[in-house]
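Please look over the model shown here before reading the notes on its strand pairing and backbone geometry.

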Amino acid sequence: MLYHIVTYGCQMNVHESEKIAGTLHGEGYTFCGDIDKADLIVFNTCCIRENAEKRVFGNIGALKKRKMTDAGLKIAVLGCMTQQKDAAARLKKKFPFVDIVLGANNLHLLPYYLKLNDKKNSVKIEEADTYDINISVDTFRTSFPNAWVNIMYGCDNFCSYCIVPYVRGREVSRSPKDILNEVNFLIGEGYKEITLLGQNVNSYRYEDCDFSGLLCELSKIDKKFRLRFMTSNPKDFSDDVIDAMNLSKNICKHIHLPVQSGSDRILKLMNRKYTAKRYIELIEKIYGNIDNALVSTDIMVGFPTETDEDFCETIRLTETCKFSQAFTFIYSPRQNTLAAKMPDIDAEIKKQRIGELIRVQNKITKEISDSFKGKTEEVLIDDYKDGYFMGRTDNGRLVRFKKRESYEVGDFVRIKIFASKSASLAGEII
Ligand code: SAH
Ligand code: SF4
Ligand code: F3S
């Protein structure tokens with residue numbers, strides 16, 4: 001039997017698709033790159049913004065015709081979208097041809113429901129809070145030489161715009177022992193880069209072990225590998241983590257530190273629990289204490305009541321912080337969140353603002369790329385296409401360079417950078 005998975009949303013969801021794939025491989029299914037040939041199509045969904053949901057609906061809808069003539073085809077919908085209030089019922093009503101709908105905590109049950117093959121009993125959604133940290137499933141990894149490792153699930157922060165705490169439940173951290181075992185196993189298997197995942201990794205805590213303690217434990221592994229983590233919430237980013245990054249030869253000097261806005265009034269309405277000044281101080285501390293550190297961010301425009309002045313403050317903060325990269329989003333109201341009750345602003349203004357923000361950031365992105373020219377960087381080769389290798393510098397810049405026969409994906413190489421192109425660099429192996 002052939003399966004195909006369509007994944008939406010964040011890195012965590014991409015990793016969860018690897019777990020879904022793992023459960024299917026255990027049942028004898030084989031991955032098929034061509035959706036048209038698959039016997040089973042799985043949608044692993046996201047609902048962070050309205051357009052993420054629209055894409056899911058569009059893609060499921062497109063299968064209606066095929067489902068009428070292909071009786072053997074099975075369709076399963078999993079992930080965050082199914083956790084919203086009444087989402088499963090709405091899905092089944094809109095798309096009665098969908099076979100299985102499972103909540104974000106129930107992916108391990110997919111083989112059971114496939115075997116059950118009973119359309120009347122094919123929906124299983126549990127409260128987001130019921131996540132069982134001890135359920136372990138095989139993982140079919142797709143991102144060699146990088147491997148994702150969950151260190152925690154859920155989120156307690158309730159940023160006023162965000163649906164994640166509702167669909168993913170409260171924070172729960174895995175034990176350092178389990179994490180260490182998994183990382184050791186992966187490194188033994190030849191993985192060269194481990195990315196620790198959590199919505200707010202800086203609030204990781206298991207008994208008396210906090211995030212910096214976990215980083216120190218993982219840094220003791222005496223092998224050559226890179227350690228990355230995401231996402232960091234500025235409100236919880238501690239000096240201990242900066243110290244751990246400096247002491248470790250494994251932890252990469254790149255931090256993804258979403259700021260969301262440069263206006264204190266908006267940050268307060270967002271319930272982010274820091275001010276622009278505190279954020280900038282944190283950035284200065286990072287740049288001042290960690291050599292060659294780069295910081296990337298997420299910024300949202302058009303939050304309810306955002307004025308031109310609020311937006312100008314976001315632009316000023318963006319110029320001050322010199323982000324290596326910024327992922328920019330237009331605010332989108334989400335079911336049951338506090339911000340959804342606040343007055344939304346004009347769609348045209350939102351569009352203009354995101355355009356301006358992207359222009360400002362593109363200039364900074366290019367300046368940072370230009371500053372690499374002439375430097376020699378260690379790069380981990382993580383992809384190959386049309387005669388060229390791709391990889392990243394320690395601090396996260398993408399580099400493209402000509403393939404050489406004696407090298408392969410997963411090798412560390414020294415690269416001399418000779419050109420830059422917006423967010424990426426060109427170089428050659430030396
Ligand atoms: N846990 C991470 C963010 C996860 S969501 C953190 O706290 O930083 C990824 C990004 O999506 C967020 O940083 C935010 O910029 C954006 N986002 C979240 N909810 C959104 C919404 N309702 N509308 C638009 N963008 C949103
Ligand atoms: Fe959402 Fe805030 Fe949690 Fe990030 S920290 S997932 S933005 S509620
Ligand atoms: Fe991720 Fe989207 Fe869920 S961003 S946690 S897949 S709502």
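The briefing below takes up one strand and its partners, and then turns to some backbone features in loops.

The model is a predicted one. In it, strand E3, which spans residues 40–45, is mostly covered, with six of its six residues buried. Two cis peptide bonds and two residues with positive phi are described after the strand, each with its place in the chain.

**Strand E3 and its partners**

- Both faces of E3 are covered, since Leu40, Val42 and Asn44 are buried on one side, while Ile41, Phe43 and Thr45 are buried on the other.
- Strand E1 (residues 2–7) pairs with E3 in the parallel sense over five bridges, and within this pairing Val6 stands opposite Phe43.
- Strand E4 (residues 74–79) also runs parallel to E3 and is joined to it by six bridges, with Val77 of E4 standing opposite Phe43.

**Cis peptide bonds**

- Phe144 and Pro145 are joined by a cis peptide bond with omega of about 10°, and Pro145 lies in the loop between strand E6 (123–124) and strand E7 (146–150).
- Met230 and Thr231 are likewise joined by a cis peptide bond, here with omega of about 5°, and Thr231 is placed in the loop between strand E13 (226–230) and helix H9 (239–247).

**Positive phi outside glycine**

- Gln260, although not a glycine, has a positive phi of about 75°; this residue is found in the loop between strand E14 (254–256) and helix H10 (264–269), and counts as buried because its relative accessibility is 7%, under the 20% cut-off.
- Asn271, also not a glycine, has a positive phi of about 65°; Asn271 lies in the loop between H10 and helix H11 (276–289), and at 29% relative accessibility counts as partly exposed.

Key: Residues are numbered from 1 along each chain as its sequence is written. Chains are lettered from A and ligands numbered from 1 in the order in which they are written. This is a predicted model: local features need pLDDT of at least 70, side-chain atom pairs count only at pLDDT 80 or more; totals for chains, interfaces and linings use all residues. Side-chain values use heavy atoms; hydrogens and water are left out. Buried means under 20% relative accessible area, exposed over 50%, partly exposed in between (1.4 Å probe, protein chains only). Helices (H or I, at least four residues) and strands (E, at least two) are DSSP runs, numbered from the N terminus. Two strands pair if DSSP finds at least two bridges between them.
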